[in-house]
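Open your viewer and get ready to select residues by number. At each stop you will pick something, then read what is there.

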Amino acid sequence: MRDSSRRWTAGRFARCGTVAVGLFLAGWAGEQSLAQQAAPADTEESDEGAVTNPYLGDFEAIAAGKRVYRSHCIICHLKSGGRGPNLFRTDLTDEKFLDIVVNGVEGALMPAFGTKLTLDEIWQVNAYVKSRDRY
Ligand code: HEC
């Protein structure tokens with residue numbers, strides 16, 4: 001009889017302990033997510049002025065980008081590089097990518113698309129090539 005009541009007490013103590021740990025973890029997780037929320041704001045400040053692709057991760061833009069790639073780029077860049085380098089593995093910044101596609105590469109086969117494609121279409125291709133590692 002005494003034994004079982006002691007066990008009950010121990011069990012109840014353990015449950016209280018679990019709740020305390022749970023609250024502690026919840027508090028910690030809360031602080032973590034606040035820290036994470038603060039991070040992007042810091043990044044924006046340090047990257048002030050950089051032009052970035054507004055379509056990254058946008059499903060419809062990626063599908064549209066694939067169509068542009070197929071009609072204007074694949075002839076040279078192929079599925080994973082050809083006469084031009086593999087765009088799916090490019091580590092260019094969004095801004096540099098845009099600049100090259102608008103103006104072309106002087107003295108190389110890379111044409112200027114500034115008058116053939118809209119800014120949106122170029123961002124769409126960028127979103128598409130960044131969404132996977134080959135055609
Ligand atoms: C007529 C062939 C041709 C076509 C069409 C073409 N490219 Fe290129 N592209 C090239 C070549 C060649 C290079 C390498 C230029 C160099 O020597 O720096 C290149 C380079 C690039 C680069 C720089 C890559 C890097 O990592 O330095 C980007 C970005 C690019 N092309 C995007 C595109 C996009 C987007 C399209 C379609 C809208 C396209 N290209 C269509 C031939 C082409």
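Which of the 21 residues around the ligand come nearest? Select Cys73, Cys76, Gly84, Leu109 and Met110: these come nearest. Keep in mind that this is a predicted model.

**Stop 1: the shell around the ligand**

Stay with the ligand. Helix H2 (59–77) and helix H3 (94–103) are the elements that give two or more residues to the shell around the ligand. H2 gives the most, with five residues. Now colour the shell by class. You should get 16 nonpolar, four polar and one charged residues.

Next, select cysteine 76, in helix H2. Is cysteine 76 buried or exposed? Neither label fits: cysteine 76 counts as partly exposed, because 15 C-beta neighbours lie inside 10 Å. Leaving out residues up to four places away in sequence, cysteine 76 touches Gly82, Arg83, Gly84 and Leu109. Draw a distance from cysteine 76 to leucine 109. Their C-alpha atoms are separated by 8.8 Å, although the two are 33 residues apart along the chain.

Move on to leucine 78. Leucine 78 sits in the loop between H2 and H3. Check its backbone angles. Leucine 78 has a positive phi of about 50°, although it is not a glycine. Leucine 78 counts as partly exposed because it has 15 C-beta neighbours inside 10 Å.

**Stop 2: the whole chain**

Zoom out and switch to a cartoon view. The protein has four helices and zero strands. Along the sequence the pattern reads α-α-α-α. Buried residues make up 15% of the 135 residues. Take the contacts between residues at least 6 apart in sequence: 71% of them join residues at least 24 apart.

Now colour by confidence. The mean pLDDT is 80, and 64% of the residues reach 70 or more. Select residues 19–46, where the pLDDT is below 50. Beyond near neighbours in sequence, this stretch has zero contacts in the model.

**Stop 3: helix H4**

Select residues 119–130. This is helix H4, with twelve residues. From its first C-alpha to its last, H4 reaches 17 Å, close to the 16 Å expected at 1.5 Å a residue.

Which residues of H4 are buried? They are Ile122, Trp123, Gln124, Val125, Asn126, Ala127, Tyr128 and Val129. Show the neighbouring helices as well. What covers the buried residues of H4 includes H2 and H3.

**Stop 4: the nonpolar core**

Before you look, recall a broad tendency. In soluble globular proteins, nonpolar side chains tend to be buried together. Here, the largest nonpolar core has 15 residues. Select Ile122, Val125, Ala127 and Tyr128, which have the most contacts inside this core. H2, H3 and H4 each supply at least two of the core's residues. H4 gives the most, with six residues.

Centre on isoleucine 122. Which residues does isoleucine 122 contact, leaving aside neighbours within four places in sequence? Select Leu98, Val101, Val102, Phe113 and Leu117.

**Stop 5: H2, facing H4**

Go back to H2 and pick tyrosine 69, which is in this helix. Tyrosine 69 is partly exposed because 19 other C-beta atoms lie within 10 Å, and a residue needs 20 or more to be buried. Leaving aside neighbours within four places in sequence, tyrosine 69 is in contact with Ile74, Val125, Tyr128 and Val129. Now add tyrosine 135. Tyrosine 69 and tyrosine 135 are 66 residues apart in sequence, and their C-alpha atoms are 9.0 Å apart in space.

Then choose histidine 72, also in helix H2. Histidine 72 counts as partly exposed because it has 18 C-beta neighbours inside 10 Å. Its contacts are Phe113 and Leu117, leaving aside neighbours within four places in sequence. Add valine 125. From histidine 72 to valine 125 the C-alpha distance is 9.9 Å, with their places 53 residues apart in sequence.

**Stop 6: lysine 96**

Finish in helix H3, where lysine 96 is found. Is lysine 96 buried or exposed? Lysine 96 is exposed, because it has 12 other C-beta atoms within 10 Å, and 12 or fewer counts as exposed. For a last distance, pick threonine 52. The C-alpha atoms of lysine 96 and threonine 52 are separated by 9.7 Å, and the two residues are 44 apart along the chain.

Notes:
Residues numbered from 1 in each chain as written. Near = placed C-beta within 6 Å. Nonpolar A, V, L, I, M, F, W, Y, C, P; charged D, E, K, R; others polar. Expected span 1.5 Å × (residues − 1). Contact = placed C-beta atoms within 7 Å. pLDDT = per-residue confidence, 0-100. Core = buried A, V, L, I, M, F, W, Y, C linked by C-beta atoms within 7 Å.
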